[in-house]
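Visitor: I have a protein to look at for class. Could you go through it with me?
Guide: Certainly; please place it where we can both see it.

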Amino acid sequence: MMLLLNVIIIFLIMYIILPVIANIVIRKFLKRKYVRKGYVCLTFDDGPSSQSTLKILSLLKAYNSKATFFVLGSHIEKHPEIVNRILKDGHEIGEHGYQHLHPWKSSPWKYAIDLIKSHKTLKNLNIHDQVLHFRPPFGKINLLTLLYVVFSGKKFAYWDIDPKDYKNKSPKQIANEIFTQSPQGSIILLHDGRTNSNNSADITVETLKLILPVFDKEQLHLDSMVNAIANNQ
Ligand SMILES: [Zn+2]
């Protein structure tokens, strides 16, 4: 019984607690001071989706803006043509896992397979070398995430502003949330795909229609993380 308890404690320390401490340290180095002055990074997670990604790309094009899309391997398999379109339009693709598993609620075995499958889908599209950022699902990491990011030479990608477009909010509420948090120099978390909510991804599209004209008027420069982060820290 004691042995089992020790094993569980060691597992928790190795798999979750130590990575969480590493996570806190890493996040400290990825604060908004690294985003160039006058820049804003829009990031879109959990896509690509047939419902909203193409609409988002059209809007970004209309405002001559670039963004970063953190795609899921399982969604890439369904819409590889949308991933190619994202890249063709000059945006950045970031990695976000295969199935959006929670790093703390999944077994190491299941989570390892998820990372391998995510890696494979990017490799199959021949874009793996272009993918420089990894955003862990739910913003949480475990030991495997840490090892994967370190050994694949990627960087963790977090955010400063989460207006919670995945909750039951109106586009106006989401836009106001962004404006009240002074977006200049920030990384904004939005979603072009849905994994665990009934809220329509079109909410994000409608939100963009509200925020893009304002950013344009304020002459903020919207760019992908790889371009907007000074010295690409
Ligand atoms: Zn996500």
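Visitor: Where is leucine 72 placed?
Guide: Leucine 72 sits in the loop between E2 and H3. Please keep in mind that this is a predicted model.

Visitor: Is leucine 72 buried or exposed?
Guide: Leucine 72 is buried, since its relative accessible area is 1%, and buried means under 20%.

Visitor: How far is leucine 72 from glycine 193 in space?
Guide: Their C-alpha atoms are 9.1 Å apart, although 121 residues separate leucine 72 and glycine 193 in sequence.

Visitor: What about isoleucine 76, where does it lie?
Guide: Isoleucine 76 belongs to helix H3, which covers residues 73–78. With a relative accessible area of 3%, isoleucine 76 is buried.

Visitor: Which residues is isoleucine 76 in contact with?
Guide: Apart from neighbours within four places in sequence, isoleucine 76 is in contact with Pro48, Val71, Val83, Thr121, Leu122 and Leu125. In addition, 9.2 Å separates the C-alpha atoms of isoleucine 76 and serine 118, which are 42 residues apart along the chain.

Visitor: You mentioned Pro48. Which kind of peptide bond joins glycine 47 and proline 48?
Guide: The bond joining glycine 47 and proline 48 is cis, with omega at about 0°. Most peptide bonds are trans. Proline 48 is placed in the loop between E1 and H2.

Visitor: Which sign does phi have in asparagine 64?
Guide: Phi is positive in asparagine 64, near 50°, and this residue is not a glycine. Asparagine 64 lies in the loop between H2 and E2 and counts as exposed, at 66% relative accessibility.

Visitor: And what is the phi of asparagine 126?
Guide: Asparagine 126 has a phi of about 65°, again a positive value in a residue that is not a glycine. Most residues other than glycine have a negative phi. Asparagine 126 is in the loop between helix H5 (108–124) and E4, and its relative accessibility of 67% makes it exposed.

Visitor: Changing topic: how many helices and strands are there?
Guide: The secondary structure comes to 9 helices and 7 strands.

Visitor: How compact is the protein for its length?
Guide: The radius of gyration is 18 Å, close to the 17 Å that the globule rule gives for 233 residues, so the protein is as compact as a globular protein of that length. The C-alpha atoms fill a box of roughly 65 × 35 × 35 Å along the principal axes.

Visitor: What percentage of the residues is buried?
Guide: Buried residues make up 50% of the 233 residues.

Visitor: Which residues of the largest nonpolar core touch the most other members?
Guide: They are Leu42, Phe44, Phe69, Leu208 and Phe215, in a core of 32 residues. The elements giving two or more residues to this core include strand E1 (39–47), helix H2 (53–62) and helix H8 (202–217). H8 gives the largest share, 6 residues.

Visitor: Why might nonpolar residues gather like that?
Guide: In soluble globular proteins, nonpolar side chains tend to be buried together.

Visitor: Which residues does phenylalanine 69 touch?
Guide: Not counting residues up to four places away in sequence, phenylalanine 69 touches several residues, among them Phe44, Ile56, Leu57, Leu60, Ile86 and Ile93. The list also includes His91, Glu92 and Asp192.

Visitor: What does the second, separate core include?
Guide: This core has 24 residues, including Tyr39, Cys41, Leu115 and Trp159.

Visitor: What is in contact with threonine 145?
Guide: Leaving aside neighbours within four places in sequence, threonine 145 is in contact with Pro103, Tyr111, Leu115, Phe134, Pro136 and Phe156. Threonine 145 is in helix H6, residues 143–151, and is buried, with a relative accessible area of 0%.

Visitor: One more, please: where does proline 137 lie?
Guide: Proline 137 is in the loop between strand E4 (133–134) and H6. Its relative accessible area is 1%, so proline 137 is buried. Proline 137 touches His96, His100, Leu101, Pro103 and Tyr111, with residues up to four places away in sequence not counted.

How values were computed. Residues are numbered from 1 along each chain as its sequence is written. This is a predicted model: local features need pLDDT of at least 70, side-chain atom pairs count only at pLDDT 80 or more; totals for chains, interfaces and linings use all residues. Side-chain values use heavy atoms; hydrogens and water are left out. A nonpolar core is a set of buried Ala, Val, Leu, Ile, Met, Phe, Trp, Tyr and Cys residues joined through side-chain atoms within 4.5 Å. Buried means under 20% relative accessible area, exposed over 50%, partly exposed in between (1.4 Å probe, protein chains only). Helices (H or I, at least four residues) and strands (E, at least two) are DSSP runs, numbered from the N terminus. Contact means heavy atoms within 4.5 Å. The radius of gyration is taken over C-alpha atoms; the globule rule is 2.2 Å times the number of residues to the power 0.38.
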